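Thanks for coming. I have one structure to go through today, so let me put it up.

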Amino acid sequence: MKKFIISFICFISLAACVFAKTTFREGETLYVSVKTAAVKSGTGSFSSTVTNVEYGDVVTVLKPGDKTTQIKLSNGKTGYISTGSLTKKKIVKSSNGSTVKASTKEIALAGKGFTAQSESAYKTQNSNLDFSKVDEIEKVSVSVSELQTFIKDGSLKDGGE
């Protein structure tokens with residue numbers, strides 16, 4: 001019985017961590033945590049793109065949401081971005097704010113805890129794994145029009161709200 005209770009408590013704790021939502025507040029300052037992201041005019045997948053933001057860009061929350069968050073940029077533009085692309089963790093760029101001493105890819109990897117050195121070490125420790133397909137997939141880029149054609153041809157819903 002004791003094992004069952006301990007197992008149940010562990011399961012509930014794990015489930016709470018997995019399903020915990022990131023909550024932001026109106027007026028809160030956040031940072032873009034992905035390499036690049038489109039700021040959209042609405043919450044739908046095919047809403048027009050207002051602008052793009054890059055890793056470390058500073059935004060202000062206008063209206064928090066579970067899937068998308070309405071934000072305001074430092075240039076005054078507003079729009080919607082995937083909530084998962086934002087973090088409360090401060091991301092610091094160089095002193096002038098416009099350039100960095102590493103590539104955008106390196107910064108994005110470092111933000112996720114992965115550097116070129118740690119990737120190399122991982123590959124060395126796991127030499128039996130083939131990373132060539134991962135490298136190929138990372139190079140794939142799909143335009144909005146290609147995605148729209150795919151969705152239309154497949155009779156899929158666009159996932160927009």
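I will go from the overall fold to the core, then to the salt bridges, and finish with a surface patch.

First, what kind of model this is. It is a predicted model, with a mean pLDDT of 77 over the protein chain. Of the residues, 68% reach 70 or more. One stretch needs a warning: over residues 16–20, pLDDT stays under 50. For those residues the model has zero contacts beyond four places in sequence. Where pLDDT is low, predicted coordinates should not be read in detail. Helix H1 is assigned to residues 2–18, so please keep that in mind when you look at the end of H1 because low-confidence coordinates are not for detailed reading.

Now the layout. There are five helices and seven strands in the protein chain. Reading from the N terminus, the order is α-β-β-β-β-β-β-β-α-α-α-α. The chain has 161 residues, and buried ones make up 21% of them. Its exposed surface is about 11800 Å², with 56% supplied by carbon and sulfur atoms. For the contact pattern, take contacts between residues at least 6 apart in sequence: 54% of these join residues at least 24 apart.

Next, the core. In soluble globular proteins, nonpolar side chains tend to be buried together. Here the largest nonpolar core has 13 residues. Which of them touch the most other members? They are Leu30, Val32, Val53, Val59, Ile71, Ile81 and Leu86. Strands S1, S2 (36–40), S4 (58–63) and S5 (68–73) each supply at least two residues of this core.

Take Leu86 from that list. Setting aside neighbours within four places in sequence, Leu86 is in contact with Leu30, Val32, Val59, Ile71 and Ile81, among others. The other contacts of Leu86 include Phe24, Tyr31, Ser33 and Thr69.

Just before Leu86 there is Ser85, in the loop between strand S6 (78–82) and strand S7 (86–87). Is Ser85 buried or exposed? Its relative accessibility is 11%, so Ser85 counts as buried. Beyond four places in sequence, Ser85 touches Tyr31, Val32, Ser33, Val34 and Ala37.

On to charges. Side chains of opposite charge can pair when their charged atoms come close. The count here is three salt bridges. Two of them involve Glu28, and I will start there.

Glu28 sits in the loop between helix H1 and strand S1 (29–32). With 12% relative accessibility, against a cut-off of 20%, Glu28 counts as buried. Outside its neighbours within four places in sequence, Glu28 is in contact with Thr23, Val59, Thr60, Val61 and Lys88.

What are the salt-bridge partners of Glu28? One is Arg25, with a distance of 4.0 Å from N to O. Arg25 is exposed, at a relative accessible area of 56%. The other is Lys88, where the closest N and O atoms are 3.9 Å apart. Lys88 lies in the loop between S7 and helix H2 (104–111), while Glu28 is in the loop between H1 and S1, so this pair ties together parts that are 60 residues apart in sequence. Lys88 is partly exposed, with a relative accessible area of 44%.

Thr23 belongs in this picture too. It lies in the loop between H1 and S1, and at 53% relative accessibility Thr23 counts as exposed. Beyond four places in sequence, Thr23 is in contact with Glu28 and Lys88. Thr23 and Lys88 are 65 residues apart along the chain, and their C-alpha atoms are separated by 9.8 Å.

The remaining salt bridge joins Lys133 and Glu136, with the closest N and O atoms 3.7 Å apart. Both residues lie in helix H4 (residues 132–138), three residues apart, about one turn of the helix. Glu136 is partly exposed, at 45% relative accessible area. As for shared partners, salt bridges join Arg25, Glu28 and Lys88 into one network.

Last, the surface. Val140, Val142, Leu147, Phe150 and Leu156 make a nonpolar surface patch of about 500 Å². Of these, Leu147 lies in helix H5 (residues 144–153). At 38% relative accessibility, Leu147 counts as partly exposed.

That is what I had.

Methods. Residues numbered from 1 in each chain as written. Predicted model: local features only at pLDDT ≥ 70, side-chain atom pairs only at ≥ 80, totals over all residues. Heavy atoms only, no water. Helix = DSSP H or I, 4+ residues; strand = E, 2+ residues; numbered from the N terminus. Buried < 20%, exposed > 50% of the residue type's maximum accessible area, 1.4 Å probe, protein only. Contact = heavy atoms within 4.5 Å. pLDDT = per-residue confidence, 0-100. Core = buried A, V, L, I, M, F, W, Y, C linked by side-chain atoms within 4.5 Å. Patch = residues over 30% accessible without salt bridge, like charges linked within 9 Å, V, L, I, M, F, W, Y side chains within 5 Å. Areas by Shrake-Rupley, 256 points an atom, 1.4 Å probe, with all protein chains shown as cover. Salt bridge = Lys/Arg side-chain N within 4 Å of Asp/Glu carboxyl O.
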